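Please look at the sequence and the three-dimensional structure shown here before reading on. The report that follows goes from one part of the surface to the overall form, and then to the charged pairs.

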Amino acid sequence: MSNPLKLTITTNFFFLIFTITIVYVTYTIPRLQLQQPKQTNLVFYVHDYLTGHDMSAITVAGKSGPSSSILHFGTILAVDDPVTEGPSIESKEIGRAQGFYINSQLDGKGLHLVFSVIFTDGDFKGSTLEIQGADIFTMKEREYGIVSGTGYFRFVKGYGVMETEFMDIANLRAILKHNVTVKHY
């Protein structure tokens with residue numbers, strides 16, 4: 001039979017050593033500062049041209065195949081649009097918006113966007129923002145989510161507000177202003 005007094009002394013001794021170690025570590029090692037996220041606000045312009053010598057988007061599928069209009073439900077468009085600092089195409093190009101749109105509204109007045117803004121110049125060169133959301137283009141302002149990012153924008157979360165700066169529906173050409181707010185580390 002074991003001695004209960006010996007077990008109690010041994011248990012208490014280990015508990016005391018454990019407690020002293022925890023107290024020592026807590027007060028002698030500097031506490032890790034939790035890193036606060038940075039907030040970045042961006043304004044850029046996407047030039048979405050389905051016609052002309054500078055065409056940057058193309059219909060790839062729809063009810064009538066590749067000849068379907070983006071204004072019809074179910075039409076899918078692939079895009080590789082220039083991203084500039086200002087609304088003019090002569091503004092400095094800082095990246096490309098690459099991905100796709102699908103007309104996902106039965107009346108044809110709304111798109112679903114899934115694309116990457118790939119920064120090729122400026123402060124964020126080599127970084128990306130991943131955009132996803134609805135674009136009901138008859139509305140003045142449309143909000144979408146920033147769902148991911150790379151480079152400068154790792155662990156990003158945020159949102160963007162898109163406004164139509166210019167639209168020529170007859171020739172399917174548009175310039176879209178994006179005002180983006182993101183938090184990242």
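## A report on the fold and its charged pairs

F14 is exposed, because its relative accessible area is 56%, and the same residue lies in helix α1, which covers residues 4-28. Together with F13 and I17, F14 forms a nonpolar patch on the surface, and these residues have about 330 Å² of accessible area together. All of this is read from a predicted model, and the statements below should be taken in that sense.

**Overall form**

The protein contains 1 helix and 9 strands, and along the sequence they follow the pattern α-β-β-β-β-β-β-β-β-β. The radius of gyration is 27 Å, well over the 16 Å that the globule rule gives for 185 residues, so the protein is more spread out than a compact globule. Along its principal axes, the C-alpha trace spans about 95 × 40 × 25 Å. Of the 185 residues, 35% count as buried, while the protein exposes about 11500 Å², of which carbon and sulfur atoms supply 61%. Among contacts between residues at least 6 apart in sequence, 47% join residues that are at least 24 apart.

**Charged pairs**

Side chains of opposite charge can pair when their charged atoms come close. The structure holds 6 salt bridges, and the table lists some of the pairs with their N to O distances.

| Pair | Distance, N to O |
|---|---|
| D54 and R173 | 3.0 Å |
| D121 and K92 | 3.8 Å |
| E163 and K140 | 3.2 Å |

How many residues apart are D54 and R173, which meet in a salt bridge? The two are 119 residues apart and link distant parts of the chain, with D54 in the loop between β1 (38-49) and β2 (57-61) and R173 in strand β9 (residues 173-184). D54 is partly exposed, with a relative accessible area of 26%, whereas R173 has a relative accessible area of 19% and is therefore buried, since buried means under 20%.

The side chains of D121 and K92 also meet in a salt bridge. D121 lies in the loop between β5 (111-119) and β6 (128-135), and K92 lies in the loop between β3 (76-84) and β4 (93-103), so the pair ties together parts that are 29 residues apart in sequence. Both partners are partly exposed, D121 with a relative accessible area of 32% and K92 with one of 39%.

E163 forms a salt bridge with K140, and this pair, too, links distant parts of the chain, with E163 in strand β8 (residues 157-168) and K140 in the loop between β6 and β7 (141-150), 23 residues apart. E163 counts as partly exposed because its relative accessibility is 23%, while K140 is exposed, with a relative accessible area of 62%. In addition, D80, E93 and R96 are linked in a network of salt bridges.

**A tyrosine in a loop**

Y152 lies in the loop between β7 and β8 and is partly exposed, with a relative accessible area of 32%. Which residues does Y152 touch, not counting those up to four places away in sequence? They are K38, T40, F124, S127, H184 and Y185. Y152 and T181, for their part, are 29 residues apart in sequence and 14 Å apart in space, C-alpha to C-alpha.

Notes: Residues numbered from 1 in each chain as written. Predicted model: local features only at pLDDT ≥ 70, side-chain atom pairs only at ≥ 80, totals over all residues. Heavy atoms only, no water. Patch = residues over 30% accessible without salt bridge, like charges linked within 9 Å, V, L, I, M, F, W, Y side chains within 5 Å. Areas by Shrake-Rupley, 256 points an atom, 1.4 Å probe, with all protein chains shown as cover. Salt bridge = Lys/Arg side-chain N within 4 Å of Asp/Glu carboxyl O. Helix = DSSP H or I, 4+ residues; strand = E, 2+ residues; numbered from the N terminus. Buried < 20%, exposed > 50% of the residue type's maximum accessible area, 1.4 Å probe, protein only. Contact = heavy atoms within 4.5 Å. Rg over C-alpha atoms; globule rule 2.2 N^0.38 Å.
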